[in-house]
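Welcome, and please open your viewer. This tour tells you what to select at each stop and what you will find there.

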Amino acid sequence: MQHTSKLPNVGTTIFSVMSALANQHNAINLSQGFPGFSSDKKLMDLVTKAMHSGYNQYAPMPGNMELRQRIANKFDFLYGTSYNPETEITVTAGATQAIFTIISAFVRQEDEVIIFKPAYDCYQPAIELQGAKTISIQLNAPNYKVDWNAVKQKINRKTKMIIINTPQNPSGSVFSEADMLQLQALTENTNIIVLSDEVYEHIIFDGKKHQSACLFSDLKARSFITASFGKTFHNTGWKIGYCCAPKELMEEFRKVHQFNVFSVNHPMQKGLADYLKEPSHYLELSGFYQEKRDLFLSWIKDSRFQFNAAKGTYFQVLDFSEITQEYDVDFAKRLTIENGLASIPLSVFNDNHKDDKVLRFCFAKTEDTLKRAAEILNKI
Ligand SMILES: Cc1ncc(COP(=O)(O)O)c(C=O)c1O
């Protein structure tokens, strides 16, 4: 049988490649972005209780109502804004499914979607599966600042969507209030939908405030916000997240969602709903990760790697240009095979694989793991 791939340029992701290499060489794995510690026992007990209390059949298509209500309460509590849990919030199988469903519900062939590179890897294939065009705007190391004039040049009548991600994976940078205001001004009087990927909203450092799209009224009116419980509660394997948007946008989203997953794992939704009653469970997260970032960076401050401390996420990027001029993919592989430490080369997230000699390290790991990783980095 012969067929033409709809995604000819997609192969095995670098995450699988680096993790396999890490396993093969028994290396410390700071490549893939998952926490190296357990989710709260309290949360696991709540999920178990939900299973024993009969939450084992299909949840309502948009999500367990208690969970949607708690999510709405969180928006009110954190950002002073309201989303109607009946019509404006949908629980999804992780943020990935929310992102894919948003793109497939709105983006058509010939449309253009603007994304910022380095970018998380699920945006572009979802755009291209719709037959649409990705318009990449490359942000540059070490600050990854957006030049909004450059964005303005790229907007035209074909622009259907702009995808932003703050705090940003992989660079660890965050959008400021000024960035969000620029985006709001640029999209004013257009039909552009904004997809604001905010999965790291609770991991932001140095007292900075997360600039959610919902804080800006004109932006909120055109935005989907996507979120991930996996990132927030150390259980990426549960694949539960959610998205919210104004009613008219959410109606279209649900038309696709109901024929895609229909509804998401019910006992986990009920467990999460109960767990969310206590805001400290997410409020403590920035402090928890800031401590890890600071420890990791203090241990490598005299190494030959250069860095600006991550402003958010659980990723730290390190510049290795003083060590070698090797292609970053080759250096990342060598570091894994010869030195026993796996990371992700940033070029894989960049436009045309631009190589700034930067590697991404995930610091959502135990102190002991980070200490051993730092010892390796200090010897390079
Ligand atoms: C920026 C970004 N968006 C979305 C996701 C996907 O989240 P989930 O695991 O909830 O699907 C990730 C996971 O790494 C991410 O880093």
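We begin with the ligand, go on to a sheet, and finish in the loops.

Before the first stop, note that this is a predicted model, in which local features need pLDDT of at least 70, side-chain atom pairs count only at pLDDT 80 or more, and totals for chains, interfaces and linings use all residues. Residues are numbered from 1 along each chain as its sequence is written, and side-chain values use heavy atoms, with hydrogens and water left out.

**Stop 1: the ligand**

Select the ligand and the 14 residues around it; a residue belongs here if one of its heavy atoms lies within 4 Å of the molecule. Thr96, Asp197, Tyr200, Lys231 and Lys239 come nearest. Sorted by class, this shell holds six nonpolar, five polar and three charged residues. In this sorting, Ala, Val, Leu, Ile, Met, Phe, Trp, Tyr, Cys and Pro are nonpolar, Asp, Glu, Lys and Arg are charged, and the others, Gly among them, are polar. Now colour helix α4, residues 94-106, which gives the most to the shell, with four residues. Helices (H or I, at least four residues) and strands (E, at least two) are DSSP runs, numbered from the N terminus.

Next, show side chains. An N or O atom in the side chain of Thr96 is 2.5 Å from an oxygen atom of the ligand. For Ser228, the distance from a side-chain N or O atom to a ligand oxygen is 2.7 Å, and a polar side-chain atom of Lys231 lies 2.6 Å from an oxygen atom of the ligand. The ligand taken alone exposes 400 Å², and the protein buries 94% of that (areas by the Shrake-Rupley method with a 1.4 Å probe).

**Stop 2: an open sheet**

Select β9, β12 and β11, which form an open sheet of three strands in that order, with antiparallel pairing; strands pair if DSSP finds at least two bridges between them. β9 (315-319) and β11 (344-345) are at the edges with a single partner strand each, so one side of each has no neighbour in the sheet. Two bridges link β11 to β12 (residues 358-362), and Ile344 stands opposite Arg360 in β12.

**Stop 3: the loops**

Most peptide bonds are trans, and most residues other than glycine have a negative phi. Where are the exceptions?

- Lys117 to Pro118: this peptide bond is cis, with omega near 0°. Pro118 is in the loop between β3 (112-117) and α5 (123-129).
- Thr166 and Pro167: a cis peptide bond joins them, with omega about -20°. Look for Pro167 in the loop between β5 (159-165) and α7 (177-187).
- Asp206: its phi is positive, about 60°, although Asp206 is not a glycine. Asp206 is in the loop between β6 (193-197) and α8 (217-220).

Technical notes. Polar contact = N/O pair within 3.5 Å; in protein donor to acceptor, adjacent residues only side chain to side chain.
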